[in-house]
Structure formats: C-alpha cells, structure tokens
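Colleague: I'm still new to reading protein models. Could you walk me through this one?

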Amino acid sequence: MGLGGCIILIAVGAILTFATDWDMQGVNVNLVGVIFMIVGLIGVTTFSSIYRRRRVVVPPATPVVDGQAPHHHRDGHTDGYGL
C-alpha cells in the first residue's frame, strides 16, 4: 500500500467517524473509522521511514579527473634502471 492508499484510509476513517450518523446493528461505525485512521497513520509513518532510507545518495562510480595526468618521460637512465 502506497502513500495514496494510506491517505485514502485516513480520509475514509475521518468520514466514517465524524461525518456520518449511520446506525448499523452489530457494527460500530465510529470505531471502524477510528481503526481506519490509525491504520492509515501507521502506513504513512512506515512509508515515510522506508522512503527516507531508500533515498541514499550514491557517489559516482568513476572518479572525476581535474586536468590532465602528468607526462612521465622514461629514457632508461633517469628512472632507476640505468644506474
């Protein structure tokens, strides 16, 4: 269930709790609305904590090179092999 589903649960629960005056035998509509709102709030907190954990910034895989690499001239005498 995504964020939209959680918000819909909260809205339906609020409507059932505060905006209706239905009397159903064997069902407490106000309690059902409160349960929907609680489940929706739990869903929103869970979704936001998972989304925050998922938003990890990954550094680029290739290194950034500033300028050109220095050129090394190897003549056989000054690189340690000709001594």
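What follows is a chat about a predicted model.

Colleague: Let's start simple. How many helices and strands does the protein have?

Modeller: Remember that we're looking at a predicted model, not an experiment. The protein has no strands to count, as their number is 0. What you do get is helices, and their number is 2.

Colleague: What percentage of the residues is buried?

Modeller: The protein has 83 residues in it. To count as buried, a residue has to keep under 20% relative accessible area. The share that passes is 13%.

Colleague: And how much of the accessible surface belongs to carbon and sulfur atoms?

Modeller: The whole accessible surface of the protein comes to about 7400 Å². The part that belongs to carbon and sulfur atoms is 65%.

Colleague: I see a nonpolar patch on the surface. Which element gives the most to it?

Modeller: The patch covers about 730 Å², and its members include I8, V12, V34 and V39. Two elements give two or more residues each: α1, which runs over 3–18, and α2, which runs over 29–54. The top giver, with 7 residues, is α2.

Colleague: Let's look at V34, then. Is V34 buried or partly exposed?

Modeller: V34 sits in helix α2 and is one of the patch residues. Its relative accessibility is 31%, and the partly exposed class lies between the 20% and 50% cut-offs. So V34 is partly exposed.

Colleague: What about V39: how far is its C-alpha atom from that of I10?

Modeller: V39 is another residue of helix α2, and with a relative accessible area of 38% it is partly exposed. Along the chain, V39 and I10 are 29 residues apart. In space, their C-alpha atoms are separated by 7.8 Å.

Colleague: Now for G33. Why does G33 count as buried?

Modeller: G33 lies in helix α2, and it touches G13, L16 and T17 when you skip residues up to four places away in sequence. Buried means under 20% relative accessible area. G33 counts as buried because its relative accessible area is 0%.

Colleague: How far apart in space are G33 and A14, C-alpha to C-alpha?

Modeller: In sequence, G33 and A14 are 19 residues apart. Go from C-alpha to C-alpha in space, though, and the distance is 6.1 Å.

Colleague: M37 caught my eye too. Which residues is M37 in contact with, leaving aside its neighbours within four places in sequence?

Modeller: M37 is in helix α2, and it is buried, with a relative accessible area of 17%. Its C-alpha atom is 8.8 Å from that of I7, which is 30 residues away along the chain. Leaving aside neighbours within four places, the contacts of M37 are L9, I10, G13, A14, T17 and F18.

Colleague: T17 is on that list. Which residue's backbone oxygen lies 3.4 Å from a polar atom of the T17 side chain?

Modeller: T17 lies in helix α1 and counts as buried at 15% relative accessibility. Not counting residues up to four places away in sequence, T17 touches N30, G33, V34 and M37. The backbone oxygen at 3.4 Å belongs to N30.

Colleague: Last one: T20. Which backbone oxygen does the side chain of T20 reach at 2.7 Å?

Modeller: T20 is found in the loop between α1 and α2. At 19% relative accessibility it falls under the 20% cut-off, so T20 counts as buried. Beyond its neighbours within four places in sequence, T20 is in contact with I15 and V29. The backbone oxygen that its side chain reaches at 2.7 Å is that of L16.

Notes
Residues numbered from 1 in each chain as written. Predicted model: local features only at pLDDT ≥ 70, side-chain atom pairs only at ≥ 80, totals over all residues. Heavy atoms only, no water. Helix = DSSP H or I, 4+ residues; strand = E, 2+ residues; numbered from the N terminus. Buried < 20%, exposed > 50% of the residue type's maximum accessible area, 1.4 Å probe, protein only. Areas by Shrake-Rupley, 256 points an atom, 1.4 Å probe, with all protein chains shown as cover. Patch = residues over 30% accessible without salt bridge, like charges linked within 9 Å, V, L, I, M, F, W, Y side chains within 5 Å. Salt bridge = Lys/Arg side-chain N within 4 Å of Asp/Glu carboxyl O. Polar contact = N/O pair within 3.5 Å; in protein donor to acceptor, adjacent residues only side chain to side chain. Contact = heavy atoms within 4.5 Å.
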